[in-house]
Amino acid sequence: MSRNSTARGPAVVPGTRSGPVPATMSALRAHRRGGPEQLALEPAPTPPVADDEALIEVHAAAITFAELGWDEVWKHLPMIPSHEVSGVVVAVGRSVTWPQVGDQVYGLIRFDRDGAAAEYVSVPAADLAPRPRTVGHTVAAAVPLAALTAWQALVDQAKVQPGERVLVHGGAGGVGSYVTQIAARLGARVTATAFTADVAHVLRLGAHRVIDVATQQFDATPAAFDVVIDTVGGATLERSYPVLVAGGRLVTLQAPPSAEMVARHGIQGLFFVVSPNRDELSALAAMVDAGELEVKIASTFPLSAGRAAFESGAHFDRPPGKTVLLVRD
Ligand SMILES: NC(=O)c1ccc[n+]([C@@H]2O[C@H](COP(=O)([O-])OP(=O)(O)OC[C@H]3O[C@@H](n4cnc5c(N)ncnc54)[C@H](OP(=O)(O)O)[C@@H]3O)[C@@H](O)[C@H]2O)c1
């Protein structure tokens, strides 16, 4: 069954469900590729649920402004954006053993699927985890993409060990603030780069040292770090190769590091694209519930103002943190 079926009539639910699920829902959709101007709130079929999927009643959905520029988001039309969700399971497919109907879940939705800017979204059950319980849906929805990226950079890619010296470029940013916090939690000695206004904040997140890039050079001392996580790129990346010890690990988020520079400095160059992972989401939820992970919300918009929410990405004075769509209370 195609998840993008436009068949009229009740949503097809092969497994269990909590009660009647309406056949149609409100969704923020685009019928043509473009920017926020293509997005409109309109009735849409409630998505069907495949055997390995769960249907989520969406409470909050977080926005990644850049997603409207990614090819995979536009692989089907009409498309629904916002690929981080927190909500309640209302139906599950036949082969799903977890979650169950009524469970509160959160997750990252793969970018080639419809997103969560809608009253309902269907998601492979394996991509979901129990949401953090000490915070509301709004905060939970703001966690998955940036925090999973940080976790996968540090744990899956760099395999950071306690006591290692980790340099985080952009330690105040969406991903960098989680890298700073998680690296400190892993027992690394964390140095972060940031602009002057963010230095105190990044120290509070757990960095042992913050290099103010307005006044200090992060590459003044060669071979000073075991691991570099680069969320900035450009000239910052170009200057990062010599700061690693031989055998050190350089993780980039925008594009793979230069193979030539990696070979010249005898380091490992690592690039990856974040993917959903239940165990990692569960670990992150536990960190949130333990008060070990600060989650920043820049602003919230009701689903009905979804287009305005995407347009707010162009505002230069936007505060740091996630923009979240509130779908239900
Ligand atoms: N590969 C993946 O799976 C993956 C996943 C998520 C994100 N990404 C990519 O990762 C990158 C970072 O994303 P993000 O959401 O964290 O962006 P972001 O929130 O804009 O964070 C970047 C941070 O770096 C700061 N910064 C800019 N130039 C700097 C410099 N020269 N030195 C030190 N800090 C500097 C920025 O400060 P200001 O805000 O003051 O400019 C900001 O705090 C993006 O390119 C994104 O596309 C990749």
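Author: Let's start with valine 168, which stands opposite isoleucine 229 in β12. Keep in mind that this is a predicted model.

Reader: What makes β9 and β12 a strand pair?

Author: Pairing takes at least two bridges. Strand β9 and strand β12 (residues 225-230) are joined by four, and they run parallel, so they pass that test.

Reader: How do you know that β9 also pairs with β10?

Author: By the bridge count again: four bridges join β9 to β10 (residues 189-194), in a parallel arrangement. At least two are needed, so this counts as a pair. For a spot to look at, arginine 165 has arginine 189 as its bridge partner in β10.

Reader: What makes the crossover from β9 to β10 right-handed?

Author: The chain leaves β9, goes through helix α3 (residues 176-185) and arrives at β10. Point the strands away from you: a clockwise path over the helix is what earns the term right-handed, and that is the hand assigned to this β-α-β crossover.

Reader: Why is β9 called mostly covered?

Author: Four of the five residues in β9 (residues 165-169) are buried. To count as buried, a residue has to be under 20% relative accessible area.

Reader: And what makes α3 mostly covered?

Author: Eight of the ten residues of α3 are buried. They are Gly176, Ser177, Tyr178, Val179, Thr180, Gln181, Ile182 and Ala183. These buried residues pack against several elements, including β9, β10, β12, α2 (144-157) and α7 (278-289). After α3 comes glycine 187, with a positive phi near 90 degrees.

Reader: Which other crossover is right-handed?

Author: Look at strand β13 (residues 244-252) and strand β14 (residues 268-271), which run parallel and share four bridges. In that pair, leucine 250 has glycine 269 of β14 as its bridge partner. The chain gets from β13 to β14 through helix α6 (residues 259-265), and the β-α-β crossover is right-handed.

Reader: How do you know that glutamate 164 and arginine 249 meet in a salt bridge?

Author: Their side chains come to 2.8 Å, N to O. The limit is 4 Å, so the pair qualifies. Glutamate 164 sits in the loop between α2 and β9 and arginine 249 in strand β13, 85 residues apart along the chain.

Reader: Are these two buried or exposed?

Author: Buried means under 20%. Glutamate 164 has 15% relative accessibility, so it makes the cut. Arginine 249 has 11%, so it does too.

Reader: What makes arginine 204 exposed?

Author: The bar for exposed is over 50%, and arginine 204 has a relative accessible area of 56%, so it clears that. Arginine 204 forms a salt bridge with glutamate 294, the closest N and O atoms being 3.1 Å apart. Arginine 204 belongs to helix α4 and glutamate 294 to the loop between α7 and β15 (297-302), 90 residues apart. Glutamate 294 is at 28%, so it is partly exposed.

Reader: What makes arginine 239 and aspartate 219 a salt bridge?

Author: Their closest N and O atoms are 2.9 Å apart, and 4 Å is the limit, so the label fits. Arginine 239 lies in the loop between α5 (235-238) and β13, and aspartate 219 in the loop between β11 (209-212) and β12, so parts 20 residues apart in sequence are tied together. Arginine 239, at 30%, is partly exposed, and so is aspartate 219, at 27%.

Reader: Which residues do shared salt bridges join into one network?

Author: Arg204, Glu294 and Lys296. By this rule the salt bridge count comes to 13.

Reader: How many salt bridges cross the interface of domain 1 and domain 2?

Author: Zero. The domain assignment gives domain 1 as 24-143 + 295-326 and domain 2 as 145-271.

Reader: How do you know that the domains are in contact?

Author: Contact calls for heavy atoms within 4.5 Å. Nine residues of domain 1 are in contact with six of domain 2. The area buried between the domains is about 590 Å², with 59% of that from carbon and sulfur atoms. Leu108, Val143 and Lys296 supply 57% of what domain 1 buries against domain 2, more than any other three residues.

Methods: Residues are numbered from 1 along each chain as its sequence is written. This is a predicted model: local features need pLDDT of at least 70, side-chain atom pairs count only at pLDDT 80 or more; totals for chains, interfaces and linings use all residues. Side-chain values use heavy atoms; hydrogens and water are left out. Buried means under 20% relative accessible area, exposed over 50%, partly exposed in between (1.4 Å probe, protein chains only). Helices (H or I, at least four residues) and strands (E, at least two) are DSSP runs, numbered from the N terminus. Domain bounds come from an automatic or database domain assignment. Buried area is the accessible area (1.4 Å probe) that two parts lose on being put together, summed over both.
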